[in-house]
Amino acid sequence: MRFGIRKKLFLAFVLVTILPIVVLFVSAGLFMAQLSKDPQLQQLSDSNFLINKIRDEIINHYSQATDNIAFNESIQAVAQQYSIHIRMTDIYGKVLYDSDNSEEIGKTIEQSSQFFGASSNKSVQENIRYSFPVIQDNQIVGTVFLTFTDTMTVFSYVWRILTLFLLCMALGIFTFILTMCISVRLLSRSILVPLKELNEATEKITEGNLDFTVQYARNDEFGRFCQTFNTMKDKLKDSLEKQQQQENSRKELVASISHDLRTPITSIKGYIEALQVGIAKDEATVKQYLSIISSKAAALDRLIDDLFLFSRMDLGRMEMNFSLMNSAELLESIIKPLELEFSQDSVSLEIQRPIVSETVKADSERMNQVINNLVTNARKFSKNDGKIQIFTTKEENKVWVHIRDYGIGIAEEDIPHIFERFYRGEKSRSRNYGGTGLGLAICKYIVEEHGGSIEAESSVGEGTTFRFSIPVAI
Ligand code: ADP
């Protein structure tokens, strides 16, 4: 079972507070149970009962007091069981019986002050001593002295209780420290380890190193945080790589734009100079020169258009002027001029009619840009006697426009990237087809602003089909 940090903290607190208390109480209970069975303590607490018992025994057997052996038999058992020294004297102080030393019998001892009425004499440090009179037929006939030889004193009793109390406390404290150490260790694994890893990770990021993965992967709050951190780091890495790529592309773009601008300008300048100095003698040559100048100017115009659109797109300022219109009318208005243009071209343009007729919400000027871009690309990458086909279909409530060419095609590895800004396929680069790598990125942006999508299908050497959709509005 996996616990979250909150549950672990709760559990640790419960363990650290409850367990030592439980240990303290249980050990105190066990010690007390043990203590209550201790005969010495029983003896201490039962001393009055014992004295009465001994007194009764002695009084009952007083008649045998002079017969030391018989008396001894009846009293010795009690004396031994409770480790009591019993001495009995007559009223003159002559020892009649001594449980420890029979040689004392017959000697006379000095009467003590405890003789009459005094029942006990407890001292803290010394053995406990008692004396009481022996009464026979309402007459005091002797005295009995009891000395508890192996008795626990009050002091040692208190001392033992105190020791046990301290022992219980020590056990409780030991359990507290142990549970603390275990909890700290367990919690540190769940908190300090990932924190350390995260700290190292942020240091690496600060140093610009993004090639690492935070390893902590437990299914708790920190584990999830570390995974999110990894995702964030991956995204940052991706975006930095993309940024770097775009930066490189921008640099390439500046280089290629200056080249792309200079080439047509140089040739325009050349043809104009040729016309000025009268190199072109006949009308046909003049016309040819002018047509070259016009096509170069058109290429320049397109290039500048692309750049202009891109900068507006980049700044998010490419406004759309949407209006409801008929898709067939919209597409006809764009395709017709293209048909005219291609009538002069070695590449033919075939339009499949009828064009799908649905109400769409579109910006006709931007749609014109999309189709023009796609047809210009198709023309650029077509062989000289090739053909380009345009046809429309309706799928899933969308009008699809297809532009097919039979040109050089796009390599499979290029296809996922052609809609990226500044991306130019290897082939178009190596063969120097020109272009900024912005056309398709602009098409994608415009189509998506219309709520549609754009995609490409291609096979190298056989041709390419681009298709984009516009949602049906009503
Ligand atoms: P460019 O201005 O360089 O043509 P685009 O964004 O229009 O930029 O196109 C990006 C790349 O996609 C091109 O460099 C080319 O490699 C490839 N491409 C686009 N259209 C075609 C096509 N019809 N046939 C072959 N390759 C194409």
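**Notes on a five-stranded sheet and its surroundings**

1. Let's start with one pair of residues: Glu350 stands opposite Gln389, which belongs to strand S8. Strands and helices here are DSSP runs numbered from the N terminus, with at least two residues (E) for a strand and at least four (H or I) for a helix. Two strands count as paired if DSSP finds at least two bridges between them. S6 and S8 (residues 387–395) pair in the parallel sense, over four bridges.

2. A word on what you are looking at: this is a predicted model, in which local features need pLDDT of at least 70 and side-chain atom pairs count only at pLDDT 80 or more, while totals for chains, interfaces and linings use all residues. Residues are numbered from 1 along each chain as its sequence is written, and side-chain values use heavy atoms, with hydrogens and water left out.

3. Now step back to the whole chain. You can find eleven helices and eleven strands in it. Of its 474 residues, 38% are buried; here buried means under 20% relative accessible area, exposed means over 50%, and partly exposed lies in between (1.4 Å probe, protein chains only). Contact means heavy atoms within 4.5 Å. Among contacts between residues at least 6 apart in sequence, 63% join residues at least 24 apart.

4. In what order do the five strands of the open sheet lie? The order is S6-S8-S9-S11-S10, and the pairing is mixed. At the edges are S6 (348–351) and S10 (454–459), each of which pairs on one side only. On average, neighbouring strands of this sheet are turned by 20° against each other, direction ignored. For such angles, axes are lines fitted to C-alpha atoms (for helices, over the stretch in contact), and values run from 0 to 180 degrees between N-to-C directions.

5. Follow the sheet from S8 onwards. S8 and S9 run antiparallel and are joined by eight bridges; Glu395 has Lys398 in S9 as its bridge partner. S9 is also joined to S11 (residues 463–471) by eight bridges, again in the antiparallel sense. Along that border, Asp405 stands opposite Thr464 of S11. In sheets generally, strands pair through backbone hydrogen bonds, either parallel or antiparallel.

6. Why is S9 described as largely enclosed by the rest of the structure? Because six of its eight residues are buried. Helix H8 (residues 327–342) lies across S9 (398–405) as well as S6 and S8, and this helix runs at about 160° to S6.

7. The turn between S8 and S9 deserves a look. It is a hairpin with two residues between the strands. Glu396 sits in this loop, and although Glu396 is not a glycine, its phi is positive, at about 45°. Is Glu396 buried or exposed? With 73% relative accessibility, Glu396 counts as exposed.

8. Asp137 offers another example of positive phi: its value is near 50°, and the residue is not a glycine. You will find Asp137 in the loop between S3 (128–136) and S4 (139–148). Asp137 is exposed, because its relative accessible area is 76%.

9. One peptide bond also stands out. From Arg353 to Pro354 the bond is cis, with omega near 10°. Pro354 is in the loop between S6 and S7 (359–362). As background, most residues other than glycine have a negative phi, and most peptide bonds are trans.

10. Next, try the helices. Cys226 lies in H6 and is buried, with a relative accessible area of 0%. Which residues does Cys226 contact, leaving aside neighbours within four places in sequence? They are Pro194, Leu198, Val214 and Tyr216. Cys226 and Val214 are twelve residues apart in sequence, and their C-alpha atoms are 6.3 Å apart in space.

11. Finally, look for Ser183 in H5 (residues 154–206). Ser183 counts as buried, because its relative accessible area is 8%. Not counting residues up to four places away in sequence, Ser183 touches Ala12 and Val16.
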